[in-house]
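Here are a few worked exercises on helix geometry and packing. Grab your viewer and try each one before reading the solution.

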Amino acid sequence: MPAGTVAGGGRVKSARQVERERLRRRRAYRSGSVASASTIIFLALVVAVVVNAPGWERVRAAFFDPAAFAEALPDVVAGFWVNVQIFLIAEPLILIAGLLIALVRELRAPVFFPLRALAVMYVDVFRGVPTLLVILLVGFGLPALRLQGVPDDEVTLGVIALTLSYTAYVAEVFRAGIATVHPGQRAAARSLGLSHTQAMRYVVLPQAVRNVVPPLLNDFVSLQKDTALVSTIGVIEALRQAQIYASSKFNYTPYLAAALLFVLLTIPMARFTDYLAARTARRRGA
Amino acid sequence: MTLLRIENLWKDYHGHSVLRGVDLAVAPHEVVCLIGASGSGKSTLLRCVNLLETVDDGAIFLDEEEITSPRADADAVRKRIGMVFQSYNLFPHMTVLDNICLAPVKAHGVPRGRAEEEARELLTRFGLADKAGAYPDRLSGGQQQRVAIIRALATRPRLMLLDEVTSALDPALVAEVLGVIRELREGGMTMILATHEMGFAREIADTVCFLDEGVLRERGTPEQIFTEPRHERTRAFLSTVIASRRL
Ligand SMILES: Nc1ncnc2c1ncn2[C@@H]1O[C@H](COP(=O)(O)OP(=O)(O)OP(=O)(O)O)[C@@H](O)[C@H]1O
Ligand SMILES: [Mg+2]
């Protein structure tokens with residue numbers, strides 16, 4: 001018996017089904033080839049346009065210099081490790097603080113009014129101020145206060161500034177997620193005798209968090225890039241290293257190296273976001 | 001001897017009164033059916049009893065304790081009342097077993113092992129033993145609603161409120177849910193049901209209450225309400241129901 005003619009459970013497929021599957025395979029193969037061909041043509045066109053541009057020779061020398069690339073890469077990579085560390089420390093802090101602020105804004109009891117007002121003000125302010133400004137204010141303003149116990153190392157200050165800025169966004173994402181959970185869920189939880197906190201913790205939050213994973217990952221990607229902003233307060237990270245090279249050697253290729261590293265870091269996150277979105281869509285459809 | 005007493009209950013939404021001075025007493029083991037047109041206030045009345053809404057006047061007493069008093073502990077009151085909703089409202093991120101065990105374990109302090117044991121007993125009793133590990137979206141509507149009833153039952157409530165528990169179901173699935181309610185009645189459960197199933201109300205109720213624009217127009221035995229309604233509005237309502245063949 002030819003391969004592929006027996007279905008699961010030992011049932012022999014009908015001739016019609018075998019033919020149908022052959023056609024499906026052929027069609028899948030054909031769309032694959034069409035996709036590859038059109039991609040190659042498209043890329044060739046882009047390259048042709050760029051290479052034939054009048055200023056191409058100068059751009060190539062300034063941005064695509066293999067020797068400068070190889071020379072700068074080790075230092076840029078070392079700087080990039082600082083970006084990764086800032087990201088890895090700031091992200092959990094942002095998640096925790098964002099969730100706390102979202103929860104504070106859900107508290108209804110009058111005792112919590114001052115807390116709630118504070119949370120609203122915090123979100124309003126830090127969503128409005130550009131991240132770069134927050135970094136400058138924290139980076140130069142905080143140490144200038146000369147308060148006991150305030151850190152003065154730039155990396156820590158950068159982490160604090162990024163956390164302050166991103167927590168405001170993430171809190172809003174969590175709040176939107178809480179709002180998407182159907183009110184019937186809370187009513188059902190409360191009617192079973194669960195308290196507000198219990199209903200939140202066991203019923204509303206687990207569903208809310210699931211709903212906001214894609215937008216949260218999107219904010220992560222954005223944060224990965226924004227770690228470069230801390231270069232402004234003197235942190236020697238990837239962008240700063242590239243800058244140092246660029247200004248001493250009059251060649252911009254190190255910037256390209258830094259850009260490449262950032263892209264390499266964000267691509268896995270972007271694909272993971274796509275994967276989660278597709279999985280959610282499949283679940284909904286099922 | 002009454003288990004639940006509602007006195008002159010008023011509820012407003014945006015200046016419009018949805019319940020207008022409702023009086024109702026429910027004895028232990030009594031089954032009360034609320035009938036009435038859409039928008040007459042049946043769901044609102046049940047939600048008030050379960051303290052999911054704050055009332056605008058009047059009082060509700062459970063075991064002679066005023067539960068509508070601001071001093072009453074709302075969570076403690078809800079622990080004594082089970083409610084089942086038209087739209088099931090099962091928790092989609094939990095298995096059937098976890099849906100049932102959540103409240104006994106977290107709100108009533110029942111040890112996890114015993115809660116699970118009792119949940120499985122209930123599932124077996126209502127023909128759902130093989131669904132314990134399933135997620136709600138893998139169940140039919142009738143199965144979901146039976147799980148929702150079991151979930152409310154698992155907290156051992158003194159009183160069950162059922163709000164149109166069959167309205168979202170295919171006719172073929174209605175019977176299995178009604179079967180569960182019949183069994184609850186045989187077990188002596190006190191219940192208030194809002195329902196559009198007049199035939200079922202007639203069979204299962206001790207008392208039928210006709211709610212009309214927030215007013216309890218008429219109450220009586222099923223016999224009396226369905227064969228010789230006294231109020232003109234009750235007659236009008238029942239004749240529209242007969243016209244739409246729901247009786
Ligand atoms: N949260 C709310 N805000 C404003 N109005 C409401 C709210 N809930 C209910 N109402 C109004 O109160 C009235 C009674 O509604 P209720 O849901 O109690 O009716 P019902 O008898 O249960 O109807 P149905 O048979 O359609 O379920 C309706 O006019 C409805 O529009
Ligand atoms: Mg209703």
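**Exercise 1.** Compare the span of helix α4 (residues 112–125) of chain B with the expected one.

*Solution.* Start with the count: α4(B) has 14 residues. Next, take the expected span, 1.5 Å times one less than the number of residues. From first C-alpha to last, α4(B) reaches 20 Å, close to the 20 Å expected. Just after α4(B), B:Gly127 takes a positive phi of about 70 degrees.

A word on the input: this is a predicted model, where local features need pLDDT of at least 70 and side-chain atom pairs count only at pLDDT 80 or more. Residues are numbered from 1 along each chain as its sequence is written.

**Exercise 2.** Work out which residues of α4(B) are buried (under 20% relative accessible area, 1.4 Å probe, protein chains only) and how they are arranged around its axis.

*Solution.* First, list the buried ones: B:Ala115, B:Glu118, B:Ala119, B:Leu122 and B:Leu123. Looking down the axis of α4(B), they fall within an arc of 140 degrees, so they line one face. Now flip to the other side: B:Glu117 and B:Glu121 are exposed there, meaning over 50% relative accessible area. Finally, the cover over the buried residues includes α3 (96–106) and α5 (141–153) of chain B.

**Exercise 3.** Describe how α3(B) and α5(B) pack.

*Solution.* Begin with the axes, which are 8 Å apart at an angle of about 25 degrees. That makes α3(B) roughly parallel to α5(B) (angles under 35 degrees count as such). Then find the contacts (heavy atoms within 4.5 Å): B:Val96, B:Asn99 and B:Ile100 in α3(B) meet B:Val147, B:Ile150 and B:Arg151 in α5(B).

Methods
Chains lettered and ligands numbered in written order. Heavy atoms only, no water. Helix = DSSP H or I, 4+ residues; strand = E, 2+ residues; numbered from the N terminus. Arc of directions from axis to C-beta. Axes fitted to C-alpha atoms, helices over the stretch in contact; angles between N-to-C directions. Parallel < 35°, antiparallel > 145°, perpendicular 65-115°, else oblique.
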